[in-house]
Amino acid sequence: MIEVEEDDEMIPKYKFELAAFNTLKDKVGDTKILTDLMGLVQNRLPMQSRNTQTCPKDVLFFDISDGSSTVKVTVWADLAHNLNEELDGMLGQDNIIIITSYGITEYHEQLQASTLSPSKF
């Protein structure tokens, strides 16, 4: 990690709220405060293409686990390609990932995280 020196009093330094994945139900549908997740990458599927309203887009699906719960993750477009390439470079290893600025939804009682424009990994 590289520390970035900035004077920005607008954002509190080192403000985190750590919580287990099973508490994410409170975040479902909230796009005002986006969610960051950290966990073990599991069940990664091959890159796929999906038709969207504007055009076909590539998408990557995998699960992320905190050891007690699992969240399904969907990553779209360029970010999906970048992440897939990074994970391909670490095959055979347990991959712990931090993903930021995701939206949380629920489908068939399963929590899901999906990329939004500010999402990163």
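Which residue forms a salt bridge with Arg-44? The partner is Asp-88, and the closest N and O atoms of the two are 3.1 Å apart. Arg-44 sits in the loop between strand 1 and strand 2 (48–51) while Asp-88 belongs to helix 1, so this pair ties together parts that are 44 residues apart in sequence. Please keep in mind as you look around that this is a predicted model. The tour below starts with the overall layout and then visits the strands, the salt bridges and a few individual residues.

**Overall layout**

- The chain has one helix and six strands as its secondary structure.
- Read from the N terminus, the order of these elements is β-β-β-β-α-β-β.
- The chain has 121 residues, and 27% of them count as buried.
- Its accessible surface comes to about 9,100 Å², with 51% of that belonging to carbon and sulfur atoms.
- If we take the contacts between residues at least 6 apart in sequence, 51% of them join residues at least 24 apart.

**How the strands pair**

- Strand 3 and strand 4 run antiparallel and are joined by seven bridges. One pairing to look for is Phe-61 with its bridge partner Thr-74 in strand 4.
- These two strands form a hairpin with four residues between them, and Gly-67 in the turn has a positive phi of about 100 degrees.
- Strand 5 and strand 6 also run antiparallel, again with seven bridges. Here Thr-105 has Gln-112 in strand 6 as its bridge partner.
- The hairpin of strand 5 and strand 6 has two residues between the strands, and His-108 in its turn shows a positive phi of about 50 degrees.
- Strand 4 (residues 70–76) and strand 6 (residues 110–120) run parallel, with three bridges joining them.
- Across that parallel pairing, Val-73 has Ala-113 in strand 6 as its bridge partner, and Thr-74 stands opposite Ser-114 in strand 6.
- Thr-74 is therefore a handy landmark, being the bridge partner of Phe-61 and standing opposite Ser-114.**Salt bridges**

- A search of the whole structure finds three salt bridges, one of them the Arg-44 and Asp-88 pair from the opening.
- In that pair, Arg-44 counts as partly exposed because its relative accessibility is 26%, and Asp-88 is also partly exposed, at 40%.
- The side chains of Lys-25 and Glu-106 meet in another salt bridge, with an N to O distance of 2.9 Å. This pair links distant parts of the chain, with Lys-25 in the segment before strand 1 (35–42) and Glu-106 in strand 5, 81 residues apart.
- Lys-25 counts as partly exposed at 48% relative accessibility, and Glu-106 counts as partly exposed at 35%.
- Lys-72 and Asp-63 bring their side chains together in a salt bridge too, at 3.3 Å from N to O.
- What is the burial state of each residue in this pair, buried or partly exposed? Lys-72 is partly exposed, with a relative accessible area of 36%, whereas Asp-63 counts as buried because its relative accessibility is 8%.
- As general background, side chains of opposite charge can pair when their charged atoms come close.

**Ser-65 and the turn after strand 3**

- Ser-65 lies in strand 3 (residues 56–65), and it counts as buried because its relative accessibility is 12%.
- A polar atom of the Ser-65 side chain lies 3.0 Å from the backbone nitrogen of Gly-67. Gly-67 is the turn residue with the positive phi of about 100 degrees.
- Leaving aside neighbours within four places in sequence, Ser-65 is in contact with Phe-21, Gly-39, Leu-40, Gln-42 and Thr-70.

**A nonpolar patch on the surface**

- Met-38, Ile-96 and Ile-98 make a nonpolar surface patch of about 340 Å².
- Ile-98 has its place in strand 5 (residues 96–107), and at 48% relative accessibility it counts as partly exposed.

**Ala-77 in the helix**

- Ala-77 is found in helix 1 (residues 77–88), and it counts as partly exposed at 30% relative accessibility.
- Ala-77 and Ser-49 are 28 residues apart in sequence, while their C-alpha atoms are 9.2 Å apart in space.

How values were computed
Residues numbered from 1 in each chain as written. Predicted model: local features only at pLDDT ≥ 70, side-chain atom pairs only at ≥ 80, totals over all residues. Heavy atoms only, no water. Patch = residues over 30% accessible without salt bridge, like charges linked within 9 Å, V, L, I, M, F, W, Y side chains within 5 Å. Areas by Shrake-Rupley, 256 points an atom, 1.4 Å probe, with all protein chains shown as cover. Salt bridge = Lys/Arg side-chain N within 4 Å of Asp/Glu carboxyl O. Buried < 20%, exposed > 50% of the residue type's maximum accessible area, 1.4 Å probe, protein only. Polar contact = N/O pair within 3.5 Å; in protein donor to acceptor, adjacent residues only side chain to side chain. Contact = heavy atoms within 4.5 Å. Pairing = 2+ DSSP bridges.
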